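Here's a quick briefing on a metal site and the ligand beside it. Have a look at the model first.

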Amino acid sequence: MEQSGNNLRINGARLWDSLMEMARIGATEKGGVRRLALTDLDRESRDLFRRWCEAAGCTVTHDAMGNMFSRRPGRNNSLPPIVTGSHLDSQPTGGKFDGAYGVLAGLEVVRALNDAGLETEAPIEVAVWTNEEGSRFAPAMVGSGVHAGIFTLEQAHAITDIDGKTMGEELDRIGYRGEGCGGRNFGAYFEAHIEQGPILEAEKLPIGIVTGAQAQRWYEINVTGQESHAGPTPMAVRKDALVGASALVLAVNRIGHDFQPGACATVGMIESSPNSRNVIPGKVFLTVDLRHPDDARLADMDRALRKAATEIAETYDLIAEVEQIWSFAATHFDPDCIAAVRAGAEAAGLPHMNIVSGAGHDAVYMAQVAPTAMIFVPCEDGISHNEIENAAPDDIAAGCQVLLHAMLERAGGH
Ligand code: GLV
Ligand code: MN
Ligand code: MN
């Protein structure tokens, strides 16, 4: 007998087991995951996802960006699908939940619908977006970005990693370059994710109803001075690029503090050249990540960064070239999708609050082309992008239960 959508339950233990099995691919000694985009490990995780989806009766396809779509047909397959998903790539020292949770929560929704013999009106799809993290190939959210028309396929395929390998070559190598990308109509897009911050845990709430995401800008800065011998070169005549870069790191941190509340400012990557202990560094490359929930405040942070770079270059007799390589404006999710998430939390009796995402997500780009919302669950001590990232099984299950409800409301037929 069919269950109705309202009393349908996801299987939390099955979801947890799948998460733990996926986390074995690229598992690190400290309990985390290292599964960089388009590596052999990424291929392994995709293959496992594909096997699980096919076992659940879905048809799995991938596009020219390697974005995967696992489709569970509906009663009316001419309707646009209701889509959920996230990513399977990780940070170099990432955790088990960032990305994988949203993908496997989608799979658990499919499995729960199968168990109940419930057919939805619209088809349901679970998406795996390529290179969400942006750590091997910058920027982040590239697969969903091409899908949403933010980047062209050609631009994305040409992005290189630190060894000069392109995304296009690596997609071919792992066998995940399909045909075409984007131009598809989604009825709605939902993404479940760990919060990656401390708010839900502090409030002791299992569910965050994500109303939007803060704006971001990414920069690459090249500081040029002059390489010279560390012994005979007097302090007064040096052009030490690393000294200038160090002043920039402090300036970026200062900007983060100056634009409170809400601002975040990070230098996450730095390469000093020639990186020899008795050579004054002649060149330094560093990255800057600026974020703020308010677009105008982020524009002020941008001006503060450029002013600091100019002043530091003057002070230390250097050249500092600042290039903004990526940005997105503050995102506001769809009111109806937000309401569907809230209704899901209420139907399941789960306490909740509204929250704005501090991180970028594929949902940010999906929001440009489809009605979109997200569901957050707490993570331990708010820590993420770290091997110790952790979440409670009950919270993981709760978020998936809310996802099921929201998707059923949009897909209809229960
Ligand atoms: C994505 O992980 C981000 O940097 O927000
Ligand atoms: Mn993520
Ligand atoms: Mn991440």
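What follows covers the metal site first and then the ligand shell.

This is a predicted model, where local features need pLDDT of at least 70, side-chain atom pairs count only at pLDDT 80 or more, and totals for chains, interfaces and linings use all residues. Residues are numbered from 1 along each chain as its sequence is written, chains are lettered from A and ligands numbered from 1 in the order written, and side-chain values use heavy atoms, with hydrogens and water left out.

**Metal site**
- Asp-98 (OD), Glu-133 (OE, listed twice) and His-385 (NE2) coordinate the manganese ion (ligand 3) at 2.1 to 2.4 Å; donors are N, O and S atoms within 2.8 Å of the metal (3.2 Å for Na, K and Ca).
- Along the chain, those donors are spaced D-x34-E-x251-H.
- Asp-98 also bridges over to the manganese ion (ligand 2), 3.6 Å from the manganese ion (ligand 3).

**Accessibility of two donors**
- Glu-133 counts as buried because its relative accessibility is 6%, the cut-off being under 20% (exposed is over 50%, partly exposed in between, with a 1.4 Å probe and protein chains only).
- His-385, at 41%, counts as partly exposed.

**Around ligand 1**
- The shell holds Glu-132, Glu-133, Gln-216, Arg-291, Ala-359, Gly-360 and His-385, each with a heavy atom within 4 Å.
- Polar side-chain atoms of Arg-291 and His-385 sit 2.8 Å and 3.3 Å from an oxygen atom of ligand 1, respectively.
- For Glu-133, a side-chain N or O atom is 3.2 Å from an oxygen atom of ligand 1.
- On its own, ligand 1 exposes 190 Å², and the protein buries 93% of that (Shrake-Rupley method, 1.4 Å probe).

Definitions and conventions
Polar contact = N/O pair within 3.5 Å; in protein donor to acceptor, adjacent residues only side chain to side chain.
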